[in-house]
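Please look through the model shown here, beginning with one residue and its surroundings and widening the view from there to the whole chain.

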Amino acid sequence: METADFLGLLHPAIAVIFVFPLIGNVVNFAWQTRQRRLQNLAEGKSKIPPVVGKEHKQLGDWLTSAVVGLTLVGLAYPIGKNIIKKQLWNTANFQVIFIILMFAATIASLVLLYQAKNKSWRAIFATLTGIGLVVLGCQDGVYRRTNEWYWSHYYIGIAASLLMVFSLAIVQDIYKSHRWRVIHTILNCVALLLFIGQGLTGTRDLLEIPLSWQEPYIYQCDYVNKTCLTPNPQAPK
């Protein structure tokens, strides 16, 4: 494996080592938080400690940062690879500068979203974060699998990231409104299903992405008929 191949493993490695275990913890605390609320309503007192709600909130914030960060890492690799391969800093330096600024602006918007208290500012920074993810995802080099968007690792990942950003934007409202709490629960259940889809499509894509030295040969294959060029037999020694 070459350096480019190791860099390509950063995205799935971070997902397996950090993000998916974090998802499990967030779901666990979410379940306990709901059970505690229901027990308090039915019995007046729950044996589940009240700290589970605080832990769920804290881990949920970390999860949003992790998911958006993981998405940016996953986008940075193909975009950067395309820039280096086509030497865009020589032919389209404005595009390169724009991409760098979009990465910076997306990260800054997410940071400001965590700091914002006013509902309007939270909506603005959440929107800017989402726009940044979508614009970066539209850059050349990103493998989107648009012909199978419903089974695309890219589209499912972007959808999950946008849901996490939206959940972060409304988290302060769920303590004030039962309606927002229900919306928060539904959206995060959908996000959980998307994360499961990410695990499946990510595994599939790892099987399909060739190593750097294999690319000139693999990309000559006929994917419709599932055939590849027959290599020339080695000359006898």
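Once its neighbours within four places in sequence are left aside, Thr 106 is in contact with Leu 72, Thr 129, Gly 132, Leu 133 and Leu 136. In this predicted model, Thr 106 is found in helix α5, which runs over residues 93-115. Because its relative accessibility is 1%, and buried means under 20%, Thr 106 counts as buried.

A contrasting setting is that of Trp 151, whose place is in the loop between α6 (119-137) and α7 (153-170). With a relative accessible area of 38%, Trp 151 is partly exposed, because that value lies between the 20% under which a residue is buried and the 50% over which a residue is exposed. Trp 151 belongs to a nonpolar surface patch of about 930 Å², which it makes together with Val 27, Trp 149, Tyr 150, Tyr 155, Leu 192, Leu 193, Ile 196 and Leu 200. Helix α8, covering residues 178-208, gives the most to this nonpolar patch, with 4 residues.

Helix α2 deserves a separate reading. It takes in residues 10-43, 34 residues in number, and reaches 48 Å from its first C-alpha to its last, which is close to the 50 Å expected at 1.5 Å a residue. There is nevertheless a kink of about 40° in α2, centred on Val 16. The buried residues of α2 are Pro 12, Ala 15, Val 19, Leu 22, Ile 23, Val 26, Phe 29 and Thr 33. As background to such a list, an α-helix has 3.6 residues a turn, so residues three or four places apart point the same way. What covers the buried residues of α2 includes α1 (3-8), α3 (51-86) and α8, and α8 is also the helix that gives the most to the nonpolar patch. Just after α2, Gly 44 takes a positive phi of about 85°.

Turning to the chain as a whole, there are 9 helices and 0 strands, so that, by the DSSP runs on which helices and strands rest, the pattern read along the sequence is α-α-α-α-α-α-α-α-α. The C-alpha trace spans about 85 × 40 × 30 Å along its principal axes. Of the 237 residues of the chain, 35% count as buried, while about 15200 Å² is exposed, with carbon and sulfur atoms supplying 67% of that area. Among contacts in the chain with a separation of 6 or more, 67% are accounted for by residues 24 or more positions apart.

Notes. Residues are numbered from 1 along each chain as its sequence is written. This is a predicted model: local features need pLDDT of at least 70, side-chain atom pairs count only at pLDDT 80 or more; totals for chains, interfaces and linings use all residues. Side-chain values use heavy atoms; hydrogens and water are left out. Helices (H or I, at least four residues) and strands (E, at least two) are DSSP runs, numbered from the N terminus. Buried means under 20% relative accessible area, exposed over 50%, partly exposed in between (1.4 Å probe, protein chains only). Contact means heavy atoms within 4.5 Å. Patches are made of residues with over 30% relative accessible area and no salt bridge: like charges are joined within 9 Å, nonpolar side chains (Val, Leu, Ile, Met, Phe, Trp, Tyr) within 5 Å. Accessible areas come from the Shrake-Rupley method with a 1.4 Å probe; for residues, only the protein chains shown count as cover. A salt bridge is a side-chain nitrogen of Lys or Arg within 4 Å of a carboxyl oxygen of Asp or Glu. The expected span of a helix is 1.5 Å times one less than its number of residues. The bend at a residue is the angle between axes fitted to the seven residues ending there and the seven starting there.
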